[in-house]
Amino acid sequence: MLTSIRNNVTWRAVIIAGLVAGAVFLAVNAVAASLMYEIDPALLLRYFASLVLGSAVLTQVGPTSLIVGLIVHFALSLLFALVIAIVVHRWGLVVGLIGGAILGLALYAINMYALTRFFEWFFAINNAALALSHALFGMVAGGVYELFDHYDEPLIKEEVRRVD
């Protein structure tokens with residue numbers, strides 16, 4: 001299975017999809033945080049940094065937490081884009097968009113309702129804007145992947161036997 005994924009997934013498309021969707025996610029949340037909730041747009045980056053540095057970083061303001069937050073965010077964006085690419089691979093743009101949005105909501109549910117067992121402080125940012133931005137992330141990742149995917153082959157190839 002891993003060999004099939006390695007051979008059939010367009011890796012360039014995964015990287016582009018992860019970076020574009022990650023940038024859209026950050027932009028949407030920066031606008032939503034400042035307009036809807038009147039909080040510092042950089043807070044989300046500090047939450048990402050807290051996955052590595054611990055919850056104490058949430059109250060610190062400085063370039064270190066923002067840089068670590070960006071690195072963690074884009075690393076997760078690439079990983080999540082890979083998962084979305086494996087699922088929507090070869091289904092076309094419409095399924096990439098719709099399936100990506102559904103998978104984005106699934107990632108939201110996993111992040112907010114399962115991983116908060118390990119990172120309790122994440123419950124504080126659970127809101128509708130975050131759910132919608134996860135759906136948008138998935139939609140962008142799935143759509144961009146399908147736009148750049150040039151291998152429309154199944155993940156597992158079946159052997160064709162000739163009868164002579």
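Start your tour by selecting A13, which lies in helix α2. This is a predicted model, so it helps to keep the confidence colouring within reach as you go.

**Stop 1: A13 and its partners**

With A13 selected, is the residue buried or exposed? A13 counts as buried because its relative accessibility is 0%, and the cut-off for burial is under 20%. Now show what surrounds A13. Setting aside neighbours within four places in sequence, A13 is in contact with Y145, F148 and D149. Add V144 to the selection as well: A13 and V144 are 131 residues apart along the chain, yet their C-alpha atoms are separated by 7.3 Å.

Next, click on Y145. Which residues does Y145 touch, not counting those up to four places away in sequence? The list is N8, V9, T10, A13, V14, A17, A85, V88 and H89. A13 is on that list, so you have come back to your starting point from the other side.

**Stop 2: the whole chain**

Zoom out and switch to a cartoon view. You should find six helices and zero strands, and reading along the sequence gives the pattern α-α-α-α-α-α. The C-alpha atoms fill a box of roughly 75 × 30 × 25 Å along the principal axes. Of the 164 residues in the chain, 41% are buried. Among contacts with a separation of 6 or more, 73% are between residues 24 or more positions apart.

Now colour by confidence. The mean pLDDT of the chain is 88, with 90% of residues at 70 or more. Where is confidence lowest, and where is it highest? Helix α1 (residues 2-8) has the lowest mean, 75, while helix α4 (residues 63-88) has the highest, 95. Where pLDDT is low, the predicted coordinates should not be read in detail.

**Stop 3: the nonpolar core**

Select Y47, F48, I125, F137 and Y145 together. These are the residues that touch the most other members of the largest nonpolar core, which has 33 residues. Helices α2, α3, α4, α5 and α6 each give two or more residues to this core. Its largest share, seven residues, comes from α6. Y145, from your first stop, is one of the residues you have just selected.

**Stop 4: the largest pocket**

Turn on a surface and look for the largest pocket, which holds about 340 Å³ of space. Which residues should you select to find its centre? Choose F48, L76, F80, N111 and H134, the closest to the centre among the 19 residues of the lining. The elements that give two or more residues to this lining are α3 (43-53), α4, α5 and α6, and α4 gives the most, with four. By class, the lining has 14 nonpolar residues, five polar and no charged. F48 is worth a second click: besides lying close to this pocket's centre, F48 is among the core residues that touch the most other members.

**Stop 5: the second largest pocket**

Move on to the second largest pocket, with about 190 Å³ of space. Select N29, A33, I39, I125 and N127, which lie nearest its centre; the lining has 14 residues. Helices α2 (11-35), α3 and α6 each give two or more residues here, and α2 gives the most, with three. How does this lining divide by class? There are eleven nonpolar, two polar and one charged. I125 also appeared in your selection of core residues.

**Stop 6: three loop residues**

First, select E38 in the loop between α2 and α3. E38 is exposed because its relative accessible area is 70%, and the cut-off for exposed is over 50%. Check its backbone too: E38 has a positive phi of about 50° although it is not a glycine. Most residues other than glycine have a negative phi.

Second, go to T116, in the loop between α5 and α6. T116 counts as buried because its relative accessibility is 16%. Leaving aside neighbours within four places in sequence, T116 is in contact with N111, F122 and F123. You have already met N111, one of the residues closest to the centre of the largest pocket.

Finish at E120, in the loop between α5 (93-113) and α6 (128-148). With 47% relative accessibility, E120 counts as partly exposed. Add S55 to the view: E120 and S55 are 65 residues apart along the chain, and their C-alpha atoms are separated by 9.0 Å.

Terms used. Residues numbered from 1 in each chain as written. Predicted model: local features only at pLDDT ≥ 70, side-chain atom pairs only at ≥ 80, totals over all residues. Heavy atoms only, no water. pLDDT = per-residue confidence, 0-100. Buried < 20%, exposed > 50% of the residue type's maximum accessible area, 1.4 Å probe, protein only. 1 Å grid on protein atoms, 1.4 Å probe; cavity = no way out; pocket = protein on both sides within 12 Å on 5 of 7 lines; lining within 4 Å. Points joined across faces, edges and corners; volume = space filled by probe spheres on them. Nonpolar A, V, L, I, M, F, W, Y, C, P; charged D, E, K, R; others polar. Core = buried A, V, L, I, M, F, W, Y, C linked by side-chain atoms within 4.5 Å. Contact = heavy atoms within 4.5 Å.
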